[in-house]
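Hi everyone, thanks for letting me take this slot. Have a look at the model on the screen, and then I'll walk you through some of its features.

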Amino acid sequence: MENKNEEELSIIKVSSLCCIDLDNSDLHQSAALLKKACLDCGFFYVVNHGISEELKEEAFEQSKKFFALPFEEKMKVLRNEKYRGYAPFHDSLLDPKNQVRGDDKEGFTIGMEGPKDGLHWDKPFYGPNNWPNLDVLPGWRETMEKYYQEALRVCKSIAKIMALALDLDADYFDTPEMLGNPIADMVLFHYEGMSDPSKGIYACGAHSDFGMMSLLATDGVMGLQICKDKDAKSQKWEYIPSIKGAYIVNLGDLLERWSNGYFKSTLHRVLGNGQDRYSIPFFLKPSHDCIIECLPTCQSEYNNPKFPAIKCSTYISQRYKAAHAHLKKA
């Protein structure tokens with residue numbers, strides 16, 4: 001367990017992040033700012049993203065309505081084999097070395113849908129969503145589908161700037177085998193309780209995200225912390241505040257592998273303070289069959305690839321199984 005004094009000190013530490021304007025016509029200027037942010041901590045804000053506050057607020061209201069349902073009603077849409085639907089409290093355990101139980105959060109996952117005769121229907125992370133009953137939550141699905149498409153659009157805009165930051169063409173990731181048919185999951189989260197790191201109790205245990213990037217909206221309740229140097233022996237944690245009108249973006253493990261460790265995925269966690277807290281992260285990953293291997297601009301004669309090539313769905317499956325391994329033991 002971590003030293004309690006360090007935990008108390010972290011309460012007053014608030015991190016300042018770089019802010020990327022997605023409406024900036026100078027993409028190379030934005031790419032330079034993004035590169036700085038990625039080298040600094042792998043977290044940054046985006047503004048002028050085009051998602052209306054009204055749609056965002058409606059998504060949060062609908063999220064709260066779902067989590068306010070009786071437990072029996074939520075269990076009717078329990079997570080299926082495609083990892084779509086409801087996940088109860090303590091379902092995921094992301095930091096088994098430091099956690100005594102699963103995360104103090106419940107969630108609901110929505111993913112990419114397509115026709116049953118589509119190319120990817122039988123893939124592990126592609127297929128039907130597990131929607132709540134229309135009579136119980138009228139208009140819920142429509143709101144979530146609309147917000148999902150907007151979040152996906154923003155992530156693809158960021159991917160263009162990310163490509164430039166990696167000295168690639170802006171459209172490098174915009175191919176069928178990369179982001180043309182992505183594994184893109186939107187998760188509604190509801191956190192409860194009081195975290196106590198000295199006892200191994202967390203709203204969400206320390207972890208790095210699995211995919212390429214994550215786009216995060218929160219309700220403004222503090223709780224998210226990052227550790228800029230995940231390899232440090234004595235980890236230092238800083239709170240990330242939410243800013244009205246801005247989204248928080250962070251890098252994932254697949255981008256770290258793609259960039260040969262040049263851009264690192266960032267360790268983060270959530271500490272509960274006794275308040276209900278809601279968030280909606282959107283996790284962007286490439287297509288199922290995309291081979292994640294060192295990008296051409298991130299290797300040289302003196303800088304060989306540090307990670308073996310791996311298929312996207314294989315890596316994601318490994319990480320999902322690890323996060324839920326405690327359920328099988330129980």
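Let me start with a term: a residue is buried when its relative accessible area is under 20%, exposed when it is over 50%, and partly exposed in between. Keep in mind that this is a predicted model.

So, asparagine 260: buried or exposed? Its relative accessible area is 3%, under the 20% cut-off, so asparagine 260 is buried. You'll find asparagine 260 in the loop between α7 (253-258) and β11. Now look at its backbone. Most residues other than glycine have a negative phi. Asparagine 260, though, has a positive phi, near 65°.

Asparagine 48 has a positive phi too, near 50°. This one sits in the loop between β2 (43-47) and α3 (53-67). With a relative accessibility of 48%, asparagine 48 falls between the cut-offs, so we call it partly exposed.

Okay, on to helix α5, residues 140-165. How far apart should its ends be? There are 26 residues at 1.5 Å each, so the helix should span 38 Å, and the end C-alpha atoms are 37 Å apart, which agrees. After α5 comes aspartate 167, and there phi is positive again, near 60°.

Stay with α5 for a moment, because it brings us to salt bridges. Side chains of opposite charge can pair when their charged atoms come close. In α5, glutamate 150 and arginine 153 do that, with 3.1 Å from N to O. Why does the spacing look so neat? The two residues are three apart in the helix, so about one helical turn separates them. Both count as partly exposed: glutamate 150 has a relative accessibility of 22%, and arginine 153 has 34%.

Now compare that with aspartate 289 and lysine 311, whose closest N and O atoms are 3.7 Å apart in their salt bridge. This pair links distant parts of the chain, 22 residues apart: aspartate 289 is in the loop between β12 and β13 (291-292), and lysine 311 is in strand β14. Aspartate 289 is partly exposed at 37%, and lysine 311 is partly exposed at 32%. Some bridges share partners as well: Glu113, Arg141 and Glu145 are joined into one network that way. How many salt bridges does the structure hold? The total is 15.

One more pair, and then we go inside. Lysine 105 bridges to aspartate 103, with the closest N and O atoms 2.5 Å apart. Both of those residues are buried.

Lysine 105 comes up again when we look for empty space. Rolling a probe the size of a water molecule over the atoms shows where such space is left. Here we get three cavities of 30 Å³ or more. The largest cavity holds about 630 Å³. It is lined by 36 residues, and the closest to its centre are Leu94, Lys105, Val187, Phe189 and Phe283. Several elements give two or more residues to that lining, including β4 (105-110), β5 (182-191), β12 (277-287) and α8 (312-323).

Last stop, back out on the surface. Phe71, Met75 and Leu78 make a nonpolar patch of about 250 Å². Leucine 78 is in the loop between α4 (71-74) and β3 (85-87). Its relative accessible area is 37%, so leucine 78 is partly exposed.

That's my tour, so over to you for questions.

Methods: Residues are numbered from 1 along each chain as its sequence is written. This is a predicted model: local features need pLDDT of at least 70, side-chain atom pairs count only at pLDDT 80 or more; totals for chains, interfaces and linings use all residues. Side-chain values use heavy atoms; hydrogens and water are left out. Patches are made of residues with over 30% relative accessible area and no salt bridge: like charges are joined within 9 Å, nonpolar side chains (Val, Leu, Ile, Met, Phe, Trp, Tyr) within 5 Å. Accessible areas come from the Shrake-Rupley method with a 1.4 Å probe; for residues, only the protein chains shown count as cover. A salt bridge is a side-chain nitrogen of Lys or Arg within 4 Å of a carboxyl oxygen of Asp or Glu. Helices (H or I, at least four residues) and strands (E, at least two) are DSSP runs, numbered from the N terminus. Buried means under 20% relative accessible area, exposed over 50%, partly exposed in between (1.4 Å probe, protein chains only). The expected span of a helix is 1.5 Å times one less than its number of residues. On a 1 Å grid over the protein atoms alone, a cavity is a set of points where a 1.4 Å probe fits but cannot get out, and a pocket is an open set with protein on both sides within 12 Å along at least five of seven lines; lining residues have an atom within 4 Å of a point. Grid points are joined across faces, edges and corners, and a volume is the space filled by probe spheres set on the points.
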